Amino acid sequence: MAAEGFRGPRQVWNAFRWSMKGLKAAWRHEASFRLEACLAIVVVPLGLWLGHGPLEKLALVGPPLLVLSAELLNSAIEAVVDKVCPEIHELAGRAKDMGSAAVFVLMMLVVLSWALVLGPRFLG
């Protein structure tokens, strides 16, 4: 249910706590999230170091963070689907596959961004 009225510091603090709870749950229960988070721990600082100027830095750092966001959403979709539809169902499988595909597309964005920004620098 949406909060009504003024959203003060307490509500902001609660939202932060729930977000941290979600990150902790993803780390604890999702192997894919752990792997992607470990990769982000490496590539985000590397992107900040290798990028020339703010736009290059954003092009190198943004996509890995988008992958983490998509993985969180994919995990949420999978959890809801498993709760609502524990038996095998075509639509449940389709929802899970589409969530996984979203993560994959963003991983391709990471590869493309890094190749376009750093490729000419190191290959040419």
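# Charged pairs, cysteines and a nonpolar patch

Counting disulfides in this structure, which is a predicted model, gives a total of zero. Three salt bridges are present, and two further acidic residues, E36 and E71, are described below as well. The points that follow take up the cysteines, then the salt bridges, then the buried acidic residues, and last a patch on the surface.

**Cysteines**

- A disulfide is a covalent bond that joins the sulfur atoms of two cysteines.
- No disulfide is counted in this model, and the surroundings of two cysteines can still be described: C38 has a relative accessible area of 39% and is therefore partly exposed, whereas C85, at 16% relative accessibility, counts as buried because the cut-off for that word is under 20%.

**Salt bridges**

- When the charged atoms of side chains of opposite charge come close, those side chains can pair.
- How many salt bridges does the structure hold? The count is three, and each of them is taken in turn here.
- R121 and E56 form a salt bridge in which the closest N and O atoms are 2.4 Å apart. Because R121 belongs to helix α4 and E56 to helix α3, which covers residues 53-84, this pair ties together parts that are 65 residues apart in sequence. With a relative accessibility of 30%, R121 counts as partly exposed, and E56 is also partly exposed, its relative accessible area being 23%.
- K96 and D82 meet through their side chains in another salt bridge, with an N to O distance of 2.4 Å. This pair links distant parts of the chain, since K96 is in helix α4 and D82 is in helix α3, 14 residues apart. K96 is partly exposed, with 25% relative accessible area, and D82 is partly exposed as well, with 41%.
- R94 forms a salt bridge with E90, and here the closest N and O atoms are 3.0 Å apart. Both residues lie in helix α4, four residues apart, so about one helical turn separates them. R94 is partly exposed at 38% relative accessibility, while E90, with a relative accessible area of 60%, is exposed because that value is over 50%.

**Buried acidic residues without a salt bridge**

- Where is E36 placed? E36 is in helix α2, which runs over residues 31-50.
- Although E36 is buried, it has no salt bridge, and the nearest side chain of opposite charge, that of R34, is 11 Å away. Once neighbours within four places in sequence are set aside, E36 is in contact with V67, L68, E71, V103 and M107.
- E71 is found in helix α3, and E71 too is buried without a salt bridge, the nearest side chain of opposite charge being R34 at 10 Å.
- Which residues does E71 touch, leaving aside its neighbours within four places in sequence? E71 is in contact with S32, F33, E36 and V103, so E36 and E71 appear in each other's contact lists, and V103 appears in both lists.

**A nonpolar surface patch**

- F104, V105, M107, M108 and V111 make a nonpolar surface patch of about 460 Å². M107, one of these residues, is also in contact with the buried E36.
- M108, another member of the patch, lies in helix α4, which spans residues 90-123, and at 40% relative accessibility M108 counts as partly exposed.

Methods. Residues are numbered from 1 along each chain as its sequence is written. This is a predicted model: local features need pLDDT of at least 70, side-chain atom pairs count only at pLDDT 80 or more; totals for chains, interfaces and linings use all residues. Side-chain values use heavy atoms; hydrogens and water are left out. Patches are made of residues with over 30% relative accessible area and no salt bridge: like charges are joined within 9 Å, nonpolar side chains (Val, Leu, Ile, Met, Phe, Trp, Tyr) within 5 Å. Accessible areas come from the Shrake-Rupley method with a 1.4 Å probe; for residues, only the protein chains shown count as cover. A salt bridge is a side-chain nitrogen of Lys or Arg within 4 Å of a carboxyl oxygen of Asp or Glu. Helices (H or I, at least four residues) and strands (E, at least two) are DSSP runs, numbered from the N terminus. Buried means under 20% relative accessible area, exposed over 50%, partly exposed in between (1.4 Å probe, protein chains only). Lys and Arg count as positive and Asp and Glu as negative; His and the chain ends are not counted. Contact means heavy atoms within 4.5 Å. A disulfide is a pair of cysteine sulfur atoms within 2.5 Å.
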